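Student: I should like to take a close look at one helix and the metal site beside it. Could you please describe that part carefully and then relate it to the rest of the chain?

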Amino acid sequence: MDIYQHLYIDGQWRLPVRQQSFASFDPSDESVLAQVPAASAEDIELAVQAARRAFDEGPWPRLSGAERATLLRAIAAGIRQRLPQLAELEVRDNGKPLPEAQWDIADAAGCFDYYAGLAEAADVVPQQNIEVSDPHFSCWVEREPVGVVGAIIPWNFPLLMAAWKVAPALAAGCCIVLKPSELTPLTALELAAIVHAVGLPAGVFNLVTGLGADAGAPLAEHPLVDKLAFTGSVPTGRRIMQAASREIKNLSLELGGKSPFIVFADSDLEAAVEWIMFGIFWNQGQVCSATSRVLVERALYPVLLERLVEQTRKIRIGHGLDEGVLLGPLVSAGQRDKVLSAIADGQQSGARLAYGGEVPADLDKGYFLTPAIFAEVPVDSALWCEEIFGPVVCLRAFDSEEEALCLANDSVYGLAAAVMSQDLARAERVARRLRAGIVWINCSQPTFSEAPWGGYKQSGIGRELGQWGFDSYREVKQITRYDSAQAWGWYIK
Ligand code: NAI
Ligand code: MG
């Protein structure tokens, strides 16, 4: 069975109803990797109905956490067992360098293990009694799975973004329909094969590959879906939110960012340069939390800029599977065009292009781009304000802590932020005042399954990961019991 030609619905591999497909490309050489089924509203109907049945008729939501944990751990083991193949597939489908893909896949397995632990722990949490003001009543709180989840994910961390939604949803007892990005659907199909081998009850996990408008939209709009979990762009996030509003669906959104990185002059130069690079060049800068706006205290600014250009020049660009490569191609022609046009606009805006931002002359196939460093970027330019989603960093000098904070917080986004200083009291003070859901001190980007992830302002709604991510797939139910033998005595005296 060629899994790349089938959708995974109700525990079975099936051809899409309309038998249409689309190509998934290797962005390093523009070759077609696979033809993948293009699901339509008819397939979404089947998948949502299957998830609905699996949820309403069970047994999945009624299993103990420990029973669900056994299956989640088996999924984690299945991912780990195929780590080399999955990492290579991720490189081919997305373009990212192999060491990054290996990290992503290991993290995805870790995410399933982590939520297995939370599912188990939930079994032994003592009943949460609520002290109410009237002694004739007992009141307590129970947690229940939210129901059927529609999960729509992007292409920047294909398997990892699937894990961030599938693992907590399954741990909580939900049933799920997952739609991966049309640019990177292959590791999600492999995940379906792993889930199938593990023997999850039919309909608990369903995978539909397809385009945003043809498969994503009908999933978001389906009345039998209880919760939408979305990661991607702000415009699509708005559509998802609109779709959710009709049935007042439960919703979590993880959207874009233009995250600031404040570097004080007492920072170690090499460490600052390294974390700035990791914050914006990792995954070709196609990271929602990328620290793309760097504010450097004036005394350090010239030397830091020079060192940053020097180190950036050394990054090896090429095919993600080649030894020593740390920057692969962007995910698609469209994404590279978008980044190139942001760079061209940036040059018009008065910012100084200190390095890069070109199509490398020696790589004539594939969507490659040299990393770009812009200096003295005007605060009112699109370059400074809008998410680019590529290896493009913007620098500015600042003179005071107050000014740095003002510039950092002046954004419609609030996903992440970073601050660097050897004065930890100052770093923590600044961290508290940054309007962002994630703040890194003396680093940028490290992410852990245990810690909450999500943004302020237009960066989204809700939190993924950690206990917060688990709870976002659980309803809170109040149960109140009248304990008195006395008649209530309101209407009937
Ligand atoms: P997108 O937000 O349109 O796509 C994300 C997911 O939503 C994909 O699975 C897509 O098929 C689906 N989708 C698209 N239209 C939909 C609709 N009408 N209803 C339901 N689902 C729909 O992002 P895209 O087009 O891949 O990238 C565009 C830009 O978005 C990027 O250049 C980047 O700036 C930003 N982006 C941000 C991400 C983040 O993590 N913050 C991730 C991916 C992209
Ligand atoms: Mg691809």
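Tutor: What follows is a description of helix α3, then of the magnesium site, the cores and some strands.

This is a predicted model, in which local features need pLDDT of at least 70 and side-chain atom pairs count only at pLDDT 80 or more, while totals for chains, interfaces and linings use all residues. Residues are numbered from 1 along each chain as its sequence is written, chains are lettered from A and ligands numbered from 1 in the order in which they are written, and side-chain values use heavy atoms, with hydrogens and water left out.

Helices (H or I, at least four residues) and strands (E, at least two) are DSSP runs, numbered from the N terminus. Helix α3 covers residues 83-94, twelve residues in all, and its first and last C-alpha atoms lie 16 Å apart, close to the 16 Å expected at 1.5 Å a residue. That expected span is 1.5 Å times one less than the number of residues. Just after α3, glycine 95 has a positive phi of about 105 degrees.

The term buried means under 20% relative accessible area, exposed over 50%, and partly exposed in between, with a 1.4 Å probe and protein chains only. In α3, the buried residues are Leu83, Leu86, Ala87, Leu89, Glu90, Val91, Asp93 and Asn94. They pack against β3 (21-26), β4 (31-37), α2 (65-81), α4 (98-123), α5 (158-172) and α6 (186-198); contact here means heavy atoms within 4.5 Å.

Asp93 also takes part in the metal site. The magnesium ion (ligand 2) is coordinated at 2.3 to 2.4 Å by Phe25 (O), Asp93 (O), Asp93 (OD) and Leu183 (O). Aspartate 93 in helix α3 and leucine 183 in the loop between β8 (175-179) and α6 are 90 residues apart, and the pair links distant parts of the chain. Donors are N, O and S atoms within 2.8 Å of the metal (3.2 Å for Na, K and Ca), and sites may look incomplete because water is not among the atoms. Along the chain, the donors follow the spacing F-x67-D-x89-L. Aspartate 93 counts as buried because its relative accessibility is 1%, whereas leucine 183, at 29%, counts as partly exposed.

Next comes the nonpolar interior. A nonpolar core is a set of buried Ala, Val, Leu, Ile, Met, Phe, Trp, Tyr and Cys residues joined through side-chain atoms within 4.5 Å. The largest such core has 132 residues, and Ile79, Phe112, Phe205 and Leu395 have the most contacts inside it. Helix α5 gives the most to this core, with twelve residues. Leaving aside neighbours within four places in sequence, isoleucine 79 is in contact with Leu86, Ile105, Ala108, Ala109, Phe112, Leu159, Leu191 and Ile194. A second, separate core of 29 residues includes Phe264, Leu369, Leu405 and Leu434.

Finally, some strands elsewhere complete the picture. Two strands pair if DSSP finds at least two bridges between them. An open sheet of three strands has the order β5-β6-β22, with antiparallel pairing; its edge strands, β5 (128-129) and β22 (474-482), each pair on one side only. Two bridges join β5 to β6 (residues 137-145), and glutamine 128 stands opposite valine 141 in β6. By contrast, β10 (residues 227-231) and β11 pair in the parallel sense over five bridges. In strand β11 (residues 250-254), four of the five residues are buried.
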